[in-house]
Amino acid sequence: MSNKLMSLKEAISQFVNDGDVIALGGFSTNRKPYALVRELIRQGKKDLYIESGAAGGDVDLIIGAKLAKAVNMGYIANSGFSMVCRRFRAAVESGTLPVEDYSLDVQTIMYHGAALGLPYVAVKNMLGSDLVDKWGISEDERKNLPKLPAKKFVIQEDPFNPGSVLCLLPTPKIDVALIHVQKASPDGMCIIEGAEFQDVDIAMAACHTIITCEELVTDEEMRSHPEHNTLPGLCVSAVVECQYGAHPSQCFGHYDYDPVMLLEYDKASRTDEGFNEFLKKYAYVSHQKYLENIGAGQLEKIKIDNNLGYAQNLKRR
């Protein structure tokens, strides 16, 4: 049994290189790998190709910190707080960030194809929509983005059903997946409680997967109930014990999303100056200092009620 325990700094330093394709787990404001994203920012990783199904403030932070070279995603929002994340919007409107837009269901199908080792997947989902006609990143632009496929997709006749057409979508070649989970053991075995989203697929597809976990348990405990386990250790390169590693998003079974923090980010990210001050306070500090800046009182407020599965008296707006 191997020991894959590392610090945030060690894991990002060892497995993430400039120019990598990075896939992020979670969904909008749910179990997003924020602690790992803040470590990316502290280390100044650059020219990253970002993959995310339902992106949230985690990807917005990467974009605002100017670490992203290109982005593939279904949408990006801190739902209920920023309908379109503000650093993303500013970058797109200024023309400084190449972004490709796939439908959310297609994005997750592509990740599943990547997990199966397929070079492309065939779907009908986007046919008939303007996603077919309006490419976010043109073929000419793609020539300067070596880790993107040469085309967004190819439309081809269905070889088994003449007269019908298919949309062939290239699957992403993921260098590193960043995922937050509830439990993990030193050898990399993980338990995701609640919705898994695309996390299992991106972990299986990636060359390296970095896990942060709320609770570190022994290898023996994980093996005592194998039917509960989600990811085997062979998919995982590094494990970081990191309580509140998904904050300010929610983590099922542990804490709710933090409306105070999400509102603060919404306001700060409206301007370059506000965003940079936000980074100074919350990103360019250690994870422990980050939690201190949030405050023990606020962290207590977002703890879930075990009988309900959410924080009962949390003021959400």
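This is a short guided tour of a predicted model, with a suggestion at each stop for what to select and what to look for there.

**Stop 1: a three-stranded sheet**

Start by selecting residues 120-123, which form strand 5. Then add residues 165-170, which are strand 7, and residues 154-157, which are strand 6. Together these make an open sheet of three strands in the order 5-7-6, paired in the antiparallel sense. Strand 5 and strand 6 are the edges: each has a single partner strand, so one side of each has no neighbour in the sheet. If you look at how the strands cross, neighbouring ones are turned by 35° against each other on average, with direction ignored.

Now focus on the pair of strand 5 and strand 7, which is held in register by four bridges. Show V123 and you will find C167 as its bridge partner in strand 7. Show Y120 too, and P170 of strand 7 stands opposite.

Which side chains of strand 5 are buried, and which are not? Turn on the side chains to see the alternation: V121 and V123 point to one face and are buried, while Y120 and A122 point to the other face and are not.

Before leaving, select residues 104-115. This is helix 5, and it lies across strand 5 and strand 7, running at about 140° to strand 5.

**Stop 2: a covered helix**

Next, select residues 57-64, which form helix 3. How many of its residues are buried? The count is eight of eight, so this helix is mostly covered. They are G57, D58, V59, D60, L61, I62, I63 and G64. Just beyond the helix, pick K66: its phi is positive, near 65°. Keep helix 3 highlighted, as it comes back at the next two stops.

**Stop 3: the cavity**

A search of the whole structure turns up one cavity of 30 Å³ or more, and the volume of the largest cavity is about 100 Å³. To find it, select Y34, L61, P248, Y265 and F278, the closest to its centre among the 13 residues of the lining. Then colour helix 2 (34-43), helix 3, helix 9 (259-268) and helix 10 (272-282), the elements that give two or more residues to this lining. Helix 9 provides the largest share, with three residues. What kinds of residue line the cavity? Ten are nonpolar, two are polar and one is charged.

**Stop 4: the largest pocket**

Now select I63, G64, K66, A91 and T96, which lie nearest the centre of the largest pocket, out of 13 lining residues. The space here comes to about 290 Å³. Helix 3, helix 4 (86-94) and helix 10 each supply at least two lining residues, and helix 4 gives the most, with four. By class, this lining has six nonpolar, four polar and three charged residues.

**Stop 5: the second largest pocket**

For the next pocket, select M73, G74, F88, V99 and D101; of the 14 lining residues, these lie nearest its centre. Its volume is about 220 Å³. Which elements supply at least two residues of this lining? Strand 3 (68-76) and strand 4 (99-101) each do, with strand 3 giving the most, four residues. The lining divides into eight nonpolar, two polar and four charged residues.

**Stop 6: two buried residues**

Pick S52 in strand 2 (residues 48-55). Is S52 buried or exposed? Its relative accessible area is 1%, so S52 counts as buried, the cut-off being under 20%. Leaving aside residues up to four places away in sequence, S52 touches L24, K32, V59, N72, M73, G74, Q107 and Y111. You have already met V59 in helix 3, and M73 and G74 at the second largest pocket.

Finish at T209, in strand 10 (residues 208-216). T209 is buried as well, at 0% relative accessibility. Show its contacts, again without residues up to four places away in sequence: A177, I179, I202, A203, C235, V236, S237 and A238. As a last view, draw a line from the C-alpha of T209 to the C-alpha of C235: the two are 26 residues apart in sequence and 6.6 Å apart in space.

How values were computed: Residues numbered from 1 in each chain as written. Predicted model: local features only at pLDDT ≥ 70, side-chain atom pairs only at ≥ 80, totals over all residues. Heavy atoms only, no water. Buried < 20%, exposed > 50% of the residue type's maximum accessible area, 1.4 Å probe, protein only. Pairing = 2+ DSSP bridges. Axes fitted to C-alpha atoms, helices over the stretch in contact; angles between N-to-C directions. Contact = heavy atoms within 4.5 Å. 1 Å grid on protein atoms, 1.4 Å probe; cavity = no way out; pocket = protein on both sides within 12 Å on 5 of 7 lines; lining within 4 Å. Points joined across faces, edges and corners; volume = space filled by probe spheres on them. Nonpolar A, V, L, I, M, F, W, Y, C, P; charged D, E, K, R; others polar.
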